[in-house]
Amino acid sequence: MKKNILMTMAAMATTCAWAQGIEYPKAVKDGTVDEYFGTKVSDPYRWLENDTSQQTAAWVEAENRVTNDYLAKIPFRGKLLKRLTELANYDLIGAPAKHNGKWYFSKKSGLQNQSVVYVMDELGGTPRVFLDPNTLSDDGTVALKGIYHSHNGKYAAYAISRSGSDWQEFYVIDMKTGKLTDDHIEWAKFSGATWVGDGFYYSAYDPSVKGKEFSNVNAGHKIYYHKIGTPQSEDVLFYQNPAYPKRFYGVSVNDDETMMFLYESGAGAGVTLFVRDLRQPDSQFIQMTNDMDYQYSPLEAEGNDIYLFTNYNAPKGRIMKADIRQPGIDNWQEVIGEQHNTIDGISCINHQWIVTYNQDASNHAFVYSMDGKLRHEVKLPSVGSAGFSGKMDEKECFFTFTSFTQPYTIYQYDIDTNESKLYNAPKVNFKTSDYTSVQVFFQSKDGTRIPMFLTYKKGLKLNGKNPVYLYGYGGFNVSLGPSFSTMRIPFLEQGGIYAQVTLRGGGEYGEEWHQAGTKMQKQNVFDDFIGAAEWLISQKYTNKDKIAIVGGSNGGLLVGACMTQRPDLFRVAIPEVGVMDMLRYHKFTIGWNWAPDYGTSEDSKEMFEYLLGYSPLHNLKKGVAYPATLVTTADHDDRVVPAHSFKFAATLQECHEGSNPVLIRIDTKAGHGGGKPLAKVLEEQADIYGFIMHNMGMKMK
């Protein structure tokens with residue numbers, strides 16, 4: 001690709017566009033033009049990619065001023081925020097987990113910004129605070145990303161992120177004294193802490209260029225070993241692969257510290273896996289697999305046996321066993337073969353397997369013996385999503401369960417008797433019995449059968465007038481199952497329908513379903529989403545003036561593509577932290593890692609033309625009346641950099657014709673969404689739902 005960039009940036013222009021009485025800041029255009037395989041593509045707002053320039057900062061400030069002014073005038077915005085706050089004011093407890101003889105669990109009390117981690121000497125004992133992330137910052141913007149206990153029980157490392165960034169820092173607690181050591185690790189990313197002895201392995205990048213920490217390409221992922229009591233500058237470089245700087249590397253170790261696994265990923269839908277026998281002095285890694293097209297995930301390791309999950313030659317997944325003395329994939333033996341439904345989760349508890357399957361996007365769980373014989377099905381409360389936790393050598397087992405009408409609830413499960421009992425259920429200010437959730441199926445454009453969940457108040461009338469919040473993701477093998485959120489409740493209380501579509505590109509039906517929504521088949525995902533809206537209209541649930549489409553990240557791309565392809569079909573569009581520039585996404589932070597799903601504009605002329613054909617940024621057309629749109633992003637988003645949303649919003653405001661507002665909401669001290677404090681979440685959701693409801697003509701009764 002040949003670039004011809006004409007730098008003609010000027011100060012922020014004062015000329016403005018108008019819509020519904022809104023005066024939009026109009027960004028100046030520069031003369032940037034890129035050439036792809038002989039085709040020239042203009043990128044006049046390229047300067048907005050510079051997230052640290054004064055010019056970009058002035059544009060952001062002007063846009064937020066306009067957006068905040070609009071949102072503040074929504075008549076019921078204060079009432080909506082109050083209701084959202086009431087609903088969020090409850091205690092949410094995580095399932096307990098055992099480490100070195102003690103029990104740990106998380107708890108968010110009331111309106112705390114972050115969950116606190118507690119420890120008990122025995123199950124059901126008196127809890128005491130182990131780590132409170134709320135004390136790490138005044139505004140809750142420092143989030144706990146994980147706690148990693150050493151196998152010898154002497155230490156616990158924990159990882160934090162600041163302001164929603166993917167960058168991680170590690171600190172270490174001395175378990176004997178309960179105090180922090182002097183150990184501090186910076187510039188880690190996509191990493192846990194893998195303990196061996198009195199030290200741990202972690203993955204990190206070289207320190208970033210100052211001012212470009214959240215936008216520059218991440219390359220050169222390295223694995224280090226940190227010895228407790230030493231500075232980071234003395235950490236030992238354990239592994240790097242300069243031949244492939246744009247790949248991820250990490251290690252894991254079994255509880256007995258007898259086997260170490262090395263993972264290489266980033267060039268396909270899976271990983272390349274290596275193993276090392278730590279029982280043998282000076283042992284080296286042996287390659288177990290030789291491609292990144294499939295998933296290979298060690299589950300347990302005992303003696304010479306390695307149990308693994310894989311979708312190699314089994315698109316819906318299976319469990320295999322390898323021998324560390326001959327660990328190559330050709331020598332693996334099948335333990336639990338591929339079933340009709342897709343594996344969604346695996347736990348080894350009390351030397352038995354609990355395998356959770358996706359059946360039409362909801363979970364069913366079964367218990368198997370260690371050698372793969374089916375014992376029984378676990379009875380779950382209803383249609384929903386379940387997650388099991390426990391240890392291979394321990395009897396205690398818990399599972400969490402949620403549905404669209406049931407908050408996250410914890411059950412204690414006896415794996416031998418197949419009986420479960422309630423351990424903890426949150427008390428939410430919401431009468432769940434007044435609502436129902438159903439699953440429907442419709443045909444997409446090419447005839448594919450697509451599932452969709454609908455949740456609404458009982459007694460709903462099919463009069464074609466009901467407001468709909470239509471949500472989807474459709475990518476990266478991610479499965480969307482039933483789940484509960486207090487944020488949806490005010491919309492449901494006012495007669496709205498929450499619709500969640502099971503799109504191709506996800507993992508609900510296995511790898512074939514995933515691949516059907518990637519690269520040159522990505523349009524299938526958009527057709528599925530558009531088909532969902534058309535079906536809801538045809539079945540008299542709603543009409544085109546009552547549909548809001550919402551999605552984040554890859555789901556933001558979904559919303560951007562659908563609102564540009566069918567602006568007539570939707571009343572409101574909310575693309576959240578979306579991938580909007582499909583020609584340049586791979587040039588920022590870890591965007592290159594999305595190429596297995598998207599392809600890139602540099603791959604071939606055919607791939608470039610396909611991406612150009614649906615890229616939301618490049619398919620906005622002047623003179624088109626677009627849905628009322630609220631683009632959302634954040635200043636510390638180093639997953640999908642805010643430049644995507646900046647350029648899309650500037651172009652949308654330039655092209656849009658009509659009375660619908662087209663705005664951008666740019667959060668501060670926030671990132672891609674993970675670890676966001678509750679206070680910020682509530683403000684953001686009040687703005688999003690307020691914008692949707694106001695533009696649909698809804699009111700707060």
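This is a short walk through salt bridges, strand pairs and a few loop residues in one predicted model.

Hi everyone, and thanks for coming. Residues are numbered from 1 along each chain as its sequence is written, and side-chain values use heavy atoms, with hydrogens and water left out. Since this is a predicted model, local features need pLDDT of at least 70 and side-chain atom pairs count only at pLDDT 80 or more, while totals for chains, interfaces and linings use all residues.

Let me begin with the salt bridges. The term here stands for a side-chain nitrogen of Lys or Arg within 4 Å of a carboxyl oxygen of Asp or Glu. By that rule, the count comes to 45 salt bridges. I'll also be saying "buried" for under 20% relative accessible area, "exposed" for over 50%, and "partly exposed" for what falls in between, with a 1.4 Å probe and protein chains only. Helices (H or I, at least four residues) and strands (E, at least two) are DSSP runs, numbered from the N terminus.

So which side chain does Glu49 meet in a salt bridge? The partner is Lys647, at 2.8 Å from N to O. Glu49 sits in the loop between β5 (39-42) and α1 (54-72), and Lys647 belongs to helix α9 (residues 643-655), so this pair ties together parts that are 598 residues apart in sequence. Both ends are covered: Glu49 is buried at 11% relative accessible area, and Lys647 is buried at 2%.

Next come Asp166 and Arg639, whose side chains meet in a salt bridge at 2.6 Å, N to O. This pair also links distant parts of the chain, with Asp166 in the loop between β12 (155-162) and β13 (167-174) and Arg639 in the loop between β41 and α9, 473 residues apart. Asp166 is buried, at 10%, whereas Arg639 is partly exposed, at 30%.

My third pair is Lys622 with Glu654, a salt bridge of 3.3 Å, N to O. Lys622 lies in the loop between α8 and β41 and Glu654 in helix α9, so the pair ties together parts 32 residues apart in sequence. Here Lys622 is exposed at 60%, and Glu654 is partly exposed at 23%.

While we're in that loop, have a look at Ala625, between α8 (605-614) and β41 (628-634). Ala625 is partly exposed, at 45% relative accessibility. Its C-alpha atom and that of Cys655 are separated by 8.6 Å, and the two residues are 30 apart along the chain.

There is also a salt-bridge network to point out, linking Arg77, Arg665, Asp667, Lys676, Lys680, Glu683, Glu684 and Asp687.

Now for the strands. Two strands pair, in this treatment, if DSSP finds at least two bridges between them. How many of the six residues of strand β16 (residues 199-204) are buried? Six of the six are. Gly199, Tyr201 and Ser203 point one way from β16, while Phe200, Tyr202 and Ala204 point the other way.

β16 has antiparallel partners to show you. Strand β15 (residues 194-196) is joined to β16 by three bridges, with Thr194 bridged to Tyr201. β15 and β16 make a hairpin with two residues between them, and Gly197 in the turn has a positive phi of about 65°. Strand β17 (residues 222-227) is joined to β16 by six bridges, again antiparallel, and Ala204 has Lys222 as its bridge partner.

Further along, β35 (residues 435-443) and β36 (residues 449-457) pair in the antiparallel sense over nine bridges. Thr436 stands opposite Tyr456 in β36. This hairpin has five residues between its strands, and Gly447 in the turn has a positive phi of about 95°.

Two aspartates are worth a glance for their backbone. Asp282, in the loop between β21 (271-277) and β22 (286-287), has a positive phi of about 60° although it is not a glycine. Asp282 is exposed, at 72%. Asp360, in the loop between β28 (352-359) and β29 (362-369), has a positive phi of about 50°, and is not a glycine either. Asp360 is partly exposed, at 23%.

I'll finish on one more loop residue: Asp255, between β19 (248-253) and β20 (259-265). Asp255 counts as exposed, at 54% relative accessibility.

That's my tour, and I'm happy to take questions.
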